[in-house]
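The following exercises concern the packing of helices against one another. Each is followed by a solution in steps.

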Amino acid sequence: MVNSTGLQPRGVAEFDEATLIERARAGDRDARARLIERHLDAVYGLALRVLGDRDLAQDAAQDALVNALNGLERFRGEASFRTWLLRITLNAARSVGRRRTRRREVRLVTDEHDDPRLEVPGADVELVRREEAARAMERLQELPPKQRAVVELRINQGLGYAEIGKIVNCSEGAARVNYHLGIKRLREMMQ
Amino acid sequence: MTNRDCGRWQDALPDYVAGRLRPEAARAVAAHLEACSECRDEAALVTALFAPARAPAGLAERVLTAVQAGPRPRVSHTRRYALAATVAFALISGSLLWRQAGQNEGGETVAIEPGVIEPAESLLRDPGLYALSEEELLALLEEMGT
């Protein structure tokens, strides 16, 4: 069975990341596809929170991965590949944001299609939860880009402050302060 | 009720909400939340923000295609700034020429001085600009616009 990229599933799934990177560096299409598969959600998620727009986030995610996978000679292994890639993603998101007219539209990530959960008992609770989530995402777009990035990396990607600092180019302590300041501002805006 | 250690508990909230804590640590956070309204409020906000994104269908394939196509042609930084300076100088010179060709306070038409024309024309003839592809020119104009 072949997946949508034309690859046999599990072709190189057992390889560790260092091996995938080496192979991708040599131009191995399968290895590149696996790296994209592993990291695309994280890359897209960060771009989405920073830009607040799905279309722009897709552009930034593509730019970031093209830059990274065609510039693997620049990856020296001083940080994890994910950290290096997310730093590139942040830069790509900033470039996309500068190049295009910014649209402040924010849509729930759960709104892709009709959800049968909204048609059963307790659906009003789910609706309230979604509305609250939508409000929080809208308010998030009012934070400075760096705080948005830090909040996304901490909450949705579960990164520690040391790693976040490497991505947003600040100290671990500054990353922690940025996170708590961002959350504090969000709480004030949500009241 | 607030607790002096709330900073420590609030640091753990993202991992608690996301289910990333070990069971015993999660139970400790849950117990603290029962007693601390401040942290409960923050946990509610973190819960609202917890929405890991999934890349849209088809994006992975598009990205792979773009990766396989290779890096986009880029104008080198040095060349980009040199050409930006060229274009900017040409625009400024052109503006000066326009003023020179206007009228003075007495209403007399002022002739254009050849010395002002020559530098702008020579810069416009810079082969660097004509050697750029349309894509490179657009990238250069975008850069100047930011």
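Axes are lines fitted to C-alpha atoms, for helices over the stretch in contact, and angles run from 0 to 180 degrees between N-to-C directions. The model is predicted.

**Exercise 1.** Determine how helix α3 of chain A and helix α4 of chain B are packed, and state which residues make the contact.

*Solution.*
1. Helix α3 of chain A spans residues 54-69, and helix α4 of chain B spans residues 59-69. Their axes lie 9 Å apart, at an angle of about 40 degrees.
2. Angles under 35 degrees count as roughly parallel and those from 65 to 115 as roughly perpendicular, with oblique for the rest. The pair α3(A) and α4(B) is therefore oblique.
3. The crossing of α3(A) past α4(B) is right-handed.
4. From α3(A), the contact involves Gln58(A), Ala61(A), Gln62(A), Leu65(A), Val66(A) and Leu69(A). From α4(B) come Leu59(B), Arg62(B), Val63(B), Ala66(B) and Val67(B).
5. Sorted by class, eight of these residues are nonpolar, two polar and one charged.

**Exercise 2.** Describe the packing of helices α1 and α2 of chain B in terms of angle, handedness and contact residues.

*Solution.*
1. In chain B, helix α1 (residues 6-17) packs on helix α2 (residues 23-35) at about 120 degrees, and the axes are 10 Å apart.
2. Angles over 145 degrees would count as roughly antiparallel. At about 120 degrees, α1(B) is therefore oblique to α2(B).
3. These two helices, α1(B) and α2(B), make a left-handed crossing.
4. α1(B) contributes Cys6(B), Trp9(B), Ala12(B), Leu13(B) and Tyr16(B) to the contact. Among the α2(B) residues are Val29(B), His32(B) and Leu33(B).
5. The contact has 10 nonpolar residues, one polar and no charged.

Definitions and conventions: Residues are numbered from 1 along each chain as its sequence is written. Chains are lettered from A and ligands numbered from 1 in the order in which they are written. This is a predicted model: local features need pLDDT of at least 70, side-chain atom pairs count only at pLDDT 80 or more; totals for chains, interfaces and linings use all residues. Side-chain values use heavy atoms; hydrogens and water are left out. Helices (H or I, at least four residues) and strands (E, at least two) are DSSP runs, numbered from the N terminus. A crossing is left-handed if the near helix is turned anticlockwise from the far one by less than a right angle, and right-handed if clockwise. Contact means heavy atoms within 4.5 Å. Ala, Val, Leu, Ile, Met, Phe, Trp, Tyr, Cys and Pro count as nonpolar, Asp, Glu, Lys and Arg as charged, and the others, Gly among them, as polar.
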